[in-house]
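Hi,

Here's the structure I said I'd pass on. Have a look at it first, and my notes on pockets and cysteines follow underneath.

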Amino acid sequence: MSFDSNMDRLLVMDLVRVTEAAAVSAAKLVGMGDEKAADAAAVDAMRTALNKMDIQGRVVIGEGERDEAPMLFIGEEVGSGKGPKVDIALDPLEGTTIAAKSMQNSLAVIALSEEGEMLNAPDVYMDKIAVGPGLPLGVVDLDRTPTENIRAVAEAKGRSVSDILVCVLDRPRHAALITEIRAAGARVKLIGDGDVAGVIDTTNPATSVDLYIGSGGAPEGVLAAAALRCLGGQIQGRLTFRNDDERARAAKWGIEDLDRKYSTEDMASGDVIFAASGVTDGYLLRGVHLTPDGSGYETESVVMRSKTGTIRWVKGQHKRNSND
């Protein structure tokens with residue numbers, strides 16, 4: 001089963017409106033140094049916009065669990081209660097630190113699938129490895145060493161290892177990984193935050209990123225998988241747990257095999273629609289900017305669908321309200 005063509009058009013444009021609303025609200029706080037305030041503004045705007053959609057939506061990837069997040073928690077129902085039953089993965093402000101510091105690649109992100117088609121991942125860490133389109137299935141694998149994966153990608157692309165650029169989150173936990181990548185002869189692109197954008201960079205030749213490796217949030221892994229379902233590429237993920245509380249959280253959401261290695265399709269299957277709006281400028285999207293006369297905001301968004309392979313780029317202008 002998949003969305004019919006009329007529903008596709010409605011959902012596509014509605015999702016763009018949702019990410020635009022979150023991006024504009026967050027952008028008003030870009031550079032202010034307050035991550036929580038920017039995130040809260042994006043969450044509130046996204047929730048309001050989602051509840052205007054004619055869907056029976058269930059948040060499977062959100063801002064935490066009910067007792068940890070007042071808005072858009074995992075399991076929350078959104079939408080008007082009419083229309084198709086859908087699962088929703090979202091990050092109203094992907095890259096909160098980036099936005100607070102007015103750095104590149106902060107996004108408002110959402111993915112939608114038919115009911116039961118996205119992994120209901122707990123809010124724990126996930127080891128991830130991802131590559132862009134055009135490479136043999138299984139070219140990378142979490143069970144191989146970073147050096148082995150780098151060599152495999154270089155061979156598949158017909159390049160030398162020294163040509164390979166690997167994107168990694170700049171975190172102390174990745175110190176050994178970064179050392180191994182460089183020892184293998186490859187180059188490293190360090191990012192401060194925003195690993196959904198980091199994974200998507202593997203699909204964009206303008207970034208020169210060949211491979212993404214590292215540990216980050218499991219929810220972001222599902223969102224990245226949804227994007228790759230539409231753009232092409234491969235991602236593998238494996239949940240990691242720091243304590244018994246996190247293992248119990250996984251059990252709560254029905255995850256029994258704690259060592260399972262998830263493929264792209266395991267995380268986001270069926271007919272997937274993915275949308276993102278830029279909050280700050282990045283390789284994928286331009287961020288929110290004031291119009292030249294200061295009367296409104298300009299946005300840039302992308303929305304895509306896995307079934308059709310359609311990618312739409314949307315530019316919008318939005319009037320400022322009296323409170324801005």
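**Cysteines first**

There are 0 disulfides in this structure. Keep in mind that you're looking at a predicted model. C167 isn't part of a disulfide, and its nearest cysteine sulfur belongs to C230, 20 Å away. For a disulfide, the two sulfur atoms would have to lie within 2.5 Å. C230 is likewise in no disulfide, with the sulfur of C167 as its nearest, at 20 Å.

Are these two cysteines buried or exposed? The cut-off for buried is under 20% relative accessible area. C167 has 0% relative accessibility, so it counts as buried. C230 comes out at 7%, so it counts as buried too.

**The largest pocket**

Now to the pockets. The largest one holds about 680 Å³ of space. It has 28 lining residues, and those closest to the pocket's centre are D91, T96, D123, D193 and E220. Four elements give two or more residues to this lining: the helices α2 (35-50) and α7 (218-231), plus the strands β3 (85-94) and β8 (211-217). The largest share comes from β3, which puts in 4 residues.

If you're thinking about the chemistry of that lining, it splits into 13 charged, 8 nonpolar and 7 polar residues.

Where does the largest pocket lie with respect to domain 1 and domain 2? Domain 1 covers 9-116 + 272-319, and domain 2 covers 125-265. Both of them give residues to the lining, so the pocket lies between the two.

**The second largest pocket**

This one has a volume of about 350 Å³. Of its 19 lining residues, R17, E20, A21, A49 and H318 are the closest to the centre. At least two lining residues come from each of α1 (5-27), α2 and β13 (311-319). Which element gives the most here? That's α1, with 7 residues. Sorted by class, the lining has 8 charged, 7 nonpolar and 4 polar residues.

One thing to look for as you turn the model around: α2 is among the elements that give two or more residues to the largest pocket, and α2 also supplies at least two residues to the lining of the second largest pocket.

That's what I have for now. Shout if anything is unclear.

Cheers

Methods: Residues are numbered from 1 along each chain as its sequence is written. This is a predicted model: local features need pLDDT of at least 70, side-chain atom pairs count only at pLDDT 80 or more; totals for chains, interfaces and linings use all residues. Side-chain values use heavy atoms; hydrogens and water are left out. On a 1 Å grid over the protein atoms alone, a cavity is a set of points where a 1.4 Å probe fits but cannot get out, and a pocket is an open set with protein on both sides within 12 Å along at least five of seven lines; lining residues have an atom within 4 Å of a point. Grid points are joined across faces, edges and corners, and a volume is the space filled by probe spheres set on the points. Ala, Val, Leu, Ile, Met, Phe, Trp, Tyr, Cys and Pro count as nonpolar, Asp, Glu, Lys and Arg as charged, and the others, Gly among them, as polar. Domain bounds come from an automatic or database domain assignment. Buried means under 20% relative accessible area, exposed over 50%, partly exposed in between (1.4 Å probe, protein chains only).
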